[in-house]
Structures are given as C-alpha cells and as structure tokens.
Amino acid sequence: MKTLTEYLWFETKARRELVRLTDTVAALVKKSGVQEGMVLVSAMHITAGVFVNDDEPGLHEDIWDWLQHLAPSGPDYRHHRTGEDNGDAHLKSMLVHHQVLIPVTAGKLDLGPWQQCFYAEFDGQRRKRVIVKVMGD
C-alpha cells in the first residue's frame, strides 16, 4: 500500500471563510501515485470543518445562513466564560464535521458531477492546518 501525508496551512483574511480544496487534493492524489484507494481530508482544529458539496455561491450563503441559525454568533455561550469568544465556531465545526473521506479511482478523485471539497473556517485570521492523507495501491 502507498501513502502520502501532506499538511495544508491556512490563515484566512476573514473570521469566516470557505476555501475550495478540490484541485489541491487532486494534485496530492496524483503526486501519491495511488490508483485505487481513499484520501482523507481533515481539519486539525476544533473551530473549522471540511465538507463536500456544490461550488455555487448561493448555496454557500445558504450554508452560512443555516449554520448561523443553528449556532448563532454572539450569544453568551458557557465556553465564553473561559475568556474565548468563539463558542459558535466550535458548534459550527460539529455541524459540518472536521473531515471527509473521498474515494480515489483510476488515480483521480471519484467525486460526483457537482461535488467539490471545501475547508470551512469559523474562527479564522490565525494559522491553521488541514491534513491530507492518501492511501491505497
């Protein structure tokens, strides 16, 4: 079995931001030489997430609105009593989840016709990382 592990670093300009990862992950799959297997893409921070969905601006806004509805920024979360102000970011991370597993077939990401991979930042403007681990034959 072949493996490749790479770390992607981000420091977003905004506190909340989406970063499309599909092309970067595809390039790492190619670099790995894996033809059949899986690639794990995982945010290594508790206030960020990774997901697969459509790359459509209206949907992105709908996702932000949905997350804001379920975990609004601003309320006095108990977490804020620790001196933090990012309780909503932790909850949003749980809703989106911190990782995805994408199949690799014939040396390429095996995504559906509209699927793209995204890093979602909920408490940015500081350095964070994502691990990409390609595994297979």
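**A walk through the predicted model**

Apart from its neighbours within four places in sequence, Gln116 is in contact with Arg20, Thr22, Phe51, Val52, Asn53 and Asp55. This residue belongs to a model that is predicted, and Gln116 itself is found in strand β7, which covers residues 115–121. Gln116 has a relative accessibility of 15%. Because buried means under 20% relative accessible area, Gln116 counts as buried at that value. One of its contacts can be described in further detail: the side chains of Gln116 and Arg20 are joined by a polar contact of 2.5 Å.

Attention may now turn to helix α3. This helix spans residues 87–96 and is mostly covered, with seven of its 10 residues buried. The buried residues are Gly87, Asp88, Ala89, His90, Lys92, Ser93 and Val96. Against which elements do the buried residues of α3 pack? They pack against β4, residues 48–54, and α2, residues 57–70. Just after α3 comes His97, which takes a positive phi of about 85 degrees.

The pairing of α2 with α3 deserves a closer description. Two packed helices are described by the angle between their axes and the distance between the axes. For α2 and α3, the axes come within 10 Å and cross at roughly 120 degrees. Angles of 65 to 115 degrees count as roughly perpendicular and those over 145 as roughly antiparallel; α2 and α3 are therefore oblique to each other. Their crossing is right-handed. On the α2 side, Trp66, Leu67, Gln68 and Leu70 take part in the contact, and they meet Lys92, Leu95 and Val96 of α3. By class, the contact between these helices has five nonpolar residues, one polar and one charged. Of the α3 residues named here, Lys92 and Val96 are also among the buried residues of that helix.

Strand β8, residues 128–136, contains Val132. With a relative accessibility of 1%, Val132 counts as buried. Which residues does Val132 touch, when those up to four places away in sequence are not counted? They are Leu4, Thr5, Glu6, Leu8, Val25, Leu28, Val39, Leu40 and Val41. A further relation links Val132 to Val29: these two residues are 103 residues apart along the chain, and their C-alpha atoms are separated by 9.3 Å.

Val25 and Val39, both touched by Val132, also appear among the contacts of Leu109. Leu109 lies in strand β6, which consists of residues 108–109, and at 17% relative accessibility it counts as buried. Setting aside residues up to four places away in sequence, Leu109 touches Thr22, Val25, Ala26, Val29, Val39, Ile102 and Pro103. Thr22 is likewise one of the residues in contact with Gln116. Arg16, by comparison, is 93 residues from Leu109 along the chain, and the C-alpha atoms of the two are separated by 27 Å.

The final stop is a loop. Thr12 lies between β1, residues 2–10, and β2, residues 17–20. Is this loop residue buried or exposed? At 8% relative accessibility, Thr12 counts as buried. A polar atom of its side chain lies 2.7 Å from the backbone oxygen of Ala14. Leaving aside neighbours within four places in sequence, Thr12 is in contact with Glu17, Val19, Glu121, Gly124 and Gln125.

Definitions and conventions: Residues are numbered from 1 along each chain as its sequence is written. This is a predicted model: local features need pLDDT of at least 70, side-chain atom pairs count only at pLDDT 80 or more; totals for chains, interfaces and linings use all residues. Side-chain values use heavy atoms; hydrogens and water are left out. Buried means under 20% relative accessible area, exposed over 50%, partly exposed in between (1.4 Å probe, protein chains only). Helices (H or I, at least four residues) and strands (E, at least two) are DSSP runs, numbered from the N terminus. Contact means heavy atoms within 4.5 Å. A polar contact is a pair of N or O atoms within 3.5 Å; within protein, one must be able to donate a hydrogen and the other to accept it, and residues adjacent in sequence count only if both atoms are side-chain atoms. Axes are lines fitted to C-alpha atoms, for helices over the stretch in contact, and angles run from 0 to 180 degrees between N-to-C directions. Angles under 35 degrees count as roughly parallel, over 145 as roughly antiparallel, 65 to 115 as roughly perpendicular and the rest as oblique. A crossing is left-handed if the near helix is turned anticlockwise from the far one by less than a right angle, and right-handed if clockwise. Ala, Val, Leu, Ile, Met, Phe, Trp, Tyr, Cys and Pro count as nonpolar, Asp, Glu, Lys and Arg as charged, and the others, Gly among them, as polar.
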